[in-house]
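Please consider the structure shown here, first with regard to the confidence of the prediction and then with regard to the architecture of one sheet.

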Amino acid sequence: MTLAVTQSATLGWFARHELRLFWRDFISMLTAGKRRLEGVLLLVAFAFAVGAHLFAAWLLGPYANTGIVLDKATLLMVTTSLLLFVTMMVSQAMESVTRAFYARADLDLILSSPASSRRLFAVRMAAIALAATLLTAVLAAPLLDVLAYYDGPRWLAGYGVIAAMGALSTAGALLLTVALFRTVGPKRTRMVSQIVSAVIGAAFVIGIQAAAILSTGSLSRITLLRSEAVVAAAPDPSSPIWWPAWAATGDVASLVVLLAIGFGALALVIAGTAGRFGAYVVAAAGVDFRNAAVHRGSAAFRPLAVKRALRRKEWMLIRRDPWLMSQTLMQILYLLPPALLLWRNFGDGVNALLILVPVLVMASGQLAGGLAWLAVSGEDAPDLMAAAPVPARTIIVAKIEAVLGAVALIALPLLAALAFASPRLALVGALGIAVSAGSATMVQIWFRGQAKRSNFRRRQTSSRVATLAEALSSILWAGTAALVAGGTWLALGPALFALLTLGGVWIIRPRREG
Amino acid sequence: MAPDAPNGSDSPSSVALDVRGLSKHFDKPALDGLDLTVRAGEFYALLGPNGAGKTTTLRIVAGLLRPDAGSVSVFGTDALADPVAAKRVIAWVPDEPPIYEKLTPYEYLEFVAGLWGVDAAHAERRAHELVERLGLGPNAHERCQGFSKGMRQKVALAGALVHDPRLLILDEPLTGLDAAAARQAKDVLVERVRDGVTVIMTTHILEVAERMAERIGVIDRGRLIAEGTLDELRRQLGHDGTSLEEVFLDLVARQSAAA
């Protein structure tokens with residue numbers, strides 16, 4: 001008996017397959033694989049949407065309610081916002097394309113089948129564009145909907161612009177990643193691409209903040225974009241540079257041109273690269289990373305006490321994790337504007353420096369939370385740790401030291417610079433960083449589980465309570481530090497809430513055997 | 001630090017591992033009052049069908065799991081009351097090698113030596129010996145990412161031996177190894193037993209147990225159903241000159257019929 005052979009894998013067939021996988025993966029990521037949470041998820045999504053729209057109405061309402069005039073200042077503001085979304089989409093698409101190159105998953109099965117890999121990769125590239133567009137649309141929805149409500153439905157054309165930008169960004173990301181693959185080779189593309197995507201994602205925000213600091217002395221982009229000098233220097237409203245902004249505000253002709261450019265570019269890039277994608281994937285799979293990662297260790301073993309051996313191991317693993325390095329690099333990049341603010345205001349009084357303290361405290365908490373997850377839950381050899389003749393408490397303490405040591409290494413230079421301008425603010429910052437990083441670390445320890453280190457990107461799925469508590473405590477300690485820096489007793493408020501949050505999560509932490 | 005490195009001073013009758021009335025219940029009973037004794041310096045193979053309780057037993061002995069009831073004694077140390085003391089003389093190699101992708105084999109061995117508190121100079125000498133003995137020399141300074149299953153297993157085995165354990169516990173250590181890698185691993189294990197180390201190993205490759213083990217224990221449904229040398233097991237079942245595979249299958253079939 002032979003099996004009846006039906007039509008081979010068509011584009012539509014692959015699209016349905018991909019869509020099903022994408023949807024299940026997405027829901028699983030949000031619900032941590034617990035299907036009973038799907039209803040709760042819907043409610044949370046609804047509540048979030050309502051909250052985001054109310055916030056957007058509060059932010060834009062007074063401005064939009066009086067009618068928006070499409071002058072140069074408005075066009076500049078809309079264009080800048082679109083550019084922000086574009087850099088975010090390029091960054092996200094680059095990361096997705098890189099993952100598509102190197103993730104094996106089902107590729108061995110598909111590439112060994114008689115199905116056309118060209119069709120599969122065409123569908124996967126389109127899916128990357130769709131994912132980038134959807135994420136941006138979700139983020140932009142409150143702004144566009146509120147503007148449409150107050151100023152007319154013409155603003156709904158913004159969704160079309162996002163779709164066009166999503167297609168164009170994905171096309172650009174594909175070309176960039178393929179170019180990297182062909183120039184630096186499959187061995188280095190993964191790391192280089194992760195760093196480049198992180199830098200692209202952060203560069204525009206940082207650049208515009210840097211410009212704002214240098215020209216106006218504040219972190220506010222709006223102040224910069226509305227400044228007379230910038231508006232005067234901007235091109236005339238008839239310039240093609242404003243097409244995306246015109247399209248976003250309902251100009252149909254501009255929107256059609258933009259959609260044609262975006263989807264035309266994506267179609268061309270897909271047609272040009274999908275056929276070779278299979279070869280790239282095979283090349284990436286054939287990379288011998290051992291050769292890429294040759295490391296000449298020290299000739300002699302160092303005498304290491306247990307805790308020192310553990311700390312050293314954690315630091316080595318952190319240092320050698322390209323994705324983590326790119327994320328840390330991004331966090332450091334985001335600290336550049338405050339550092340610039342510090343430099344610009346040095347000697348001009350300490351009031352402007354107050355803003356640095358909560359930024360540092362918040363960033364340190366987030367960084368410590370991520371590192372603590374890697375060190376504790378992302379332990380690659382839990383059996384080795386459990387089998388070692390070392391009390392579990394010693395191992396945990398050494399890991400805490402490793403995490404806080406790494407945070408201190410990054411924070412200390414900034415604190416030292418701050419100390420030159422204001423020793424008091426530096427002291428407040430140092431205490432805030434210690435408390436915030438310590439709190440985030442403890443939350444991760446209370447809620448530790450066992451996960452693959454490579455799941456770092458999805459660490460929030462293992463415990464949403466831990467993720468929320470970590471973020472909340474960082475925010476509250478940042479608020480406390482800001483108020484302490486400002487010299488007000490109101491600081492007791494957020495500090496109390498932070499302690500209550502930590503106490504609450506300590507009470508509901510999972511109990512462990514032994 | 002524990003009673004010292006492996007040596008041949010344990011008399012053949014001294015006990016390396018003594019397990020009494022071990023019970024563990026997950027969704028269903030995994031161990032049901034297991035009794036097991038392994039003599040110092042012997043190579044003991046623990047066999048059983050899937051889900052029989054082999055890995056659970058070994059994980060409890062290695063201190064990775066707490067039993068619901070029972071006792072575990074490792075060279076006279078109560079492993080449940082003083083797990084750290086027991087762990088000092090134990091090495092554990094699971095079927096999934098517990099190594100770090102971003103460390104080189106030498107860095108891994110240095111880390112393990114630090115965990116067990118081994119003198120750095122001694123650990124370095126042992127690491128060099130093991131790396132050469134297991135054929136890891138050409139890759140000793142490369143990160144483990146991209147290593148084959150066999151190489152990863154050899155790195156894990158080197159890690160288990162770098163602190164000179166007296167009791168080596170291996171859970172399916174030869175699964176996925178090619179013939180050459182399996183031979184290297186087996187040779188190293190035989191050498192260690194010759195040096196006085198006690199080895200307990202689970203395996204589904206019955207020829208390995210038949211050739212290497214001095215005594216064999218068969219476990220099913222969380223209980224030890226037979227134990228002895230291959231000849232003793234054959235005699236128990238009335239087989240003569242048959243392979244371990246036939247003995248094992250007969251034992252498990254009888255146990256199923258009796259249940």
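This is a predicted model. Chain A has a mean pLDDT of 80, and 80% of its residues reach 70 or more. Among the elements of chain A, the highest mean pLDDT, 92, belongs to helix H18 (residues 423-446), whereas the lowest, 47, belongs to helix H12 (residues 289-292). Two stretches of chain A deserve separate mention. Over residues 1-6 of chain A the pLDDT is below 50, and beyond near neighbours in sequence this stretch has zero contacts in the model. Residues 289-293 of chain A also have pLDDT below 50, but beyond near neighbours in sequence that stretch has 12 contacts in the model.

We now turn to chain B. Six of its strands form an open sheet with mixed pairing, in the order S6-S7-S8-S3-S9-S10. The edges are occupied by strand S6 (90-93) and strand S10 (223-228) of chain B; each has a single partner strand, so one side of each is left without a neighbour in the sheet. On average, and with direction ignored, neighbouring strands of this sheet are turned by 15° against each other.

Within the sheet, strand S3 (residues 43-47) and strand S9 (residues 215-220) of chain B run parallel and are joined by four bridges. B:Leu47 has B:Val218, in S9(B), as its bridge partner.

Helices accompany these strands. Helix H9 (residues 244-258) of chain B packs on the sheet, where it touches S3, S9 and S10 of chain B; the direction of H9 makes about 30° with that of S9(B). Helix H8 (residues 230-237) of chain B lies across S9 and S10 of chain B and runs at about 110° to S10(B).

Note on methods. Residues numbered from 1 in each chain as written. Chains lettered and ligands numbered in written order. Predicted model: local features only at pLDDT ≥ 70, side-chain atom pairs only at ≥ 80, totals over all residues. pLDDT = per-residue confidence, 0-100. Helix = DSSP H or I, 4+ residues; strand = E, 2+ residues; numbered from the N terminus. Contact = placed C-beta atoms within 7 Å. Pairing = 2+ DSSP bridges. Axes fitted to C-alpha atoms, helices over the stretch in contact; angles between N-to-C directions.
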